[in-house]
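Could you walk me through this structure in my viewer, one selection at a time? I would like to know what to click on next and what I will find there.

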Amino acid sequence: MNKVDMFLVRYAEIGTKGKNRYVFEDILCKRIRKRLEPLGSFDVRRDFGRIYIEALSDYDYDEAINRLTKIFGIVGLCPVNVAEEFSYSSLKDAVVRHFHDNFDSFDFSFKVHTRRINKAFPMNSMEVDMEIGGDLLDEFEAKGLHVDVHKPDVMVEIELRGEKAYVYSKIIPGPGGLPVGTNGKAMSLLSGGIDSPVATYMVAKRGVEMNAVYYNSPPYTAQRALEKVEKLGTIVAQYAGPIKLYVVNFTEIQLCIYDNCPHDQLTIIMKRIMFQIAQRLAEQDDCHALVTGESIGQVSSQTMQSLGVIDAAVDFPVYRPVIGMDKQEIVEYSQRIGTFETSIEPYEDCCTIFVDKHPVTKPKMANILKSEKHLVGKIEELIDKAVETAEVKILK
């Protein structure tokens, strides 16, 4: 496929914003520039409710599409051809060139739809529709092109604005949502499973910048388990932007809990401490919430009672975007965003190492607090050490 002149960015939710819409548009433009920077020189600009991306140098078209369709805030991407002059003959040339650039065969129906924003153009919208439609039939009818004004296979959009004419006919779907950086920052508890990468993606889609923490338990967890998490974070970062990942050594803390607390409460107490560490790291980075991939009833630590007891360990709000989804829904979501195949690689995470055969499913806060008293004077220093020695990796 040949390189097109530019791309028109379509957004949806941003368009519902009021007087601060320009803030969302500016951040989206910034995200676009950053993602395209390695590919060449591009002019990214806002213009009357539109965002245009114009290539100023040679670039990899397919890779540009791949990057742009993973930017939150973009719901559609339209490859655009631009008329060199603000005249009908130049517009006709642009439309014919657009067909050659974007279609390999022409056995389909079409309709032309013109928006004449600049009334200085010498023809009205209906006249442009009819004349361009006729010119396209002259050029491609012998190859199968035909008109259908009711249910066309291809809608040829023409915009006459400013001193230019823009032609596009394809909408390449984007992920939607809001641009990352418009809604603060959060800390995700990222594991190697299916759920937490999906949860991280979903919160980032709402415009939230994501950091993450992973609890590593060598020698009980292999190096490949950490590599798996890094790979998952990198996949999500293609959408969410760079993710700052904290790798926390959790082995000593787990052993301390194992040696001093009832084994049927191990997972609950362990997760409470995980949350406390995550909150301390989040506070360091000016995050506003924790994010997890828990779904009600999926395992013993995800019952309503368990979640309530775990949340009580921190002051931060805890967001669980997949909490009402069943496993198959989460699996389908992970397949859609590209994390599933990595998530099912067979490497243990720290949450599955010291699980009791009969874990408590309806923990009572009083019983958990009583058990945690056995940790006083033993675990505080371990938590401090875990926070202070956390390894930082930037995933992108």
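Start by selecting Leu-245 and showing its surroundings. Leaving aside neighbours within four places in sequence, Leu-245 is in contact with Ala-212, Val-213, Tyr-214, Glu-230, Glu-391, Val-392, Lys-393 and Leu-395. This is a predicted model, so please read every stop on the tour with that in mind. Leu-245 sits in strand E12. Is Leu-245 buried or exposed? With a relative accessibility of 0%, Leu-245 counts as buried, because the cut-off for buried is under 20%. Keep Leu-245 selected and add His-100: the two C-alpha atoms are 46 Å apart in space, and 145 residues separate them in sequence.

**Zoom out**

Now show the whole chain as a cartoon. You can page through 13 helices and 15 strands. Along the principal axes, the C-alpha atoms fill a box of roughly 85 × 35 × 35 Å. The radius of gyration is 27 Å, whereas a compact globule of 396 residues would have one near 21 Å. Switch on a surface next: the accessible surface is about 18,300 Å², and carbon and sulfur atoms account for 50% of that. Of the 396 residues, 53% are buried.

Colouring by charge gives another view. There are 48 positive and 57 negative side chains, and the centres of these two sets lie 5 Å apart. If you turn to contacts between residues at least 6 apart in sequence, 79% of them join residues at least 24 apart.

**The nonpolar cores**

In soluble globular proteins, nonpolar side chains tend to be buried together. To see the largest nonpolar core here, which has 37 residues, select Ile-253, Ile-257, Ile-273, Ile-277 and Leu-290, the members with the most contacts inside it. Then colour the elements that each supply at least two residues of this core: strands E10 (185-189), E11 (209-216) and E12 (243-249), together with helices H7 (251-260), H8 (266-284), H9 (304-311) and H13 (380-388). Which of these elements gives the most to this core? The answer is H8, with 11 residues.

Click on Ile-273 for a close-up. Not counting residues up to four places away in sequence, Ile-273 touches Phe-250, Ile-253, Ile-257, Leu-375, Ile-379 and Ile-383. For a second, separate core of 34 residues, select Tyr-201, Met-202, Tyr-239 and Val-247, which are among its members.

**Helices H5 and H10**

Next, go to Pro-197 in helix H5, residues 195-204. Pro-197 counts as buried, because its relative accessibility is 0%. Which residues does Pro-197 touch, not counting those up to four places away in sequence? They are Leu-190, Ser-191, Leu-232, Val-236, Ile-337, Thr-339 and Ser-343. Try a distance label from Pro-197 to Leu-232: the C-alpha atoms are separated by 6.7 Å, with these positions 35 residues apart along the chain.

From there, select Val-331 in helix H10, residues 327-337. Val-331 has 11% relative accessibility and counts as buried. Beyond residues up to four places away in sequence, Val-331 touches Ile-194 and Phe-340. Add Asp-129 to the selection and you will find its C-alpha atom 46 Å from that of Val-331, with the two 202 residues apart along the chain.

**Helix H4**

Now pick Glu-139, found in helix H4, residues 125-140. At 40% relative accessibility, Glu-139 counts as partly exposed. Setting aside residues up to four places away in sequence, Glu-139 touches Val-96 and His-100. Draw a line to Phe-99 as well: Glu-139 and Phe-99 are 10.0 Å apart in space, C-alpha to C-alpha, and 40 residues apart in sequence.

**Two backbone details**

Show the backbone as sticks for the last stops. Between Pro-218 and Pro-219 there is a cis peptide bond, with omega about 5°. Pro-219 belongs to the loop between E11 and helix H6 (223-240).

Finally, select Asp-286, in the loop between H8 and strand E13 (290-291). Asp-286 is not a glycine, yet it has a positive phi of about 60°. Its side of the story at the surface is simple: Asp-286 is exposed, with a relative accessible area of 54%.

Conventions: Residues numbered from 1 in each chain as written. Predicted model: local features only at pLDDT ≥ 70, side-chain atom pairs only at ≥ 80, totals over all residues. Heavy atoms only, no water. Helix = DSSP H or I, 4+ residues; strand = E, 2+ residues; numbered from the N terminus. Rg over C-alpha atoms; globule rule 2.2 N^0.38 Å. Buried < 20%, exposed > 50% of the residue type's maximum accessible area, 1.4 Å probe, protein only. Contact = heavy atoms within 4.5 Å. Areas by Shrake-Rupley, 256 points an atom, 1.4 Å probe, with all protein chains shown as cover. Lys, Arg positive; Asp, Glu negative; His and termini not counted. Charge placed at Lys NZ, Arg CZ, Asp CG, Glu CD. Core = buried A, V, L, I, M, F, W, Y, C linked by side-chain atoms within 4.5 Å.
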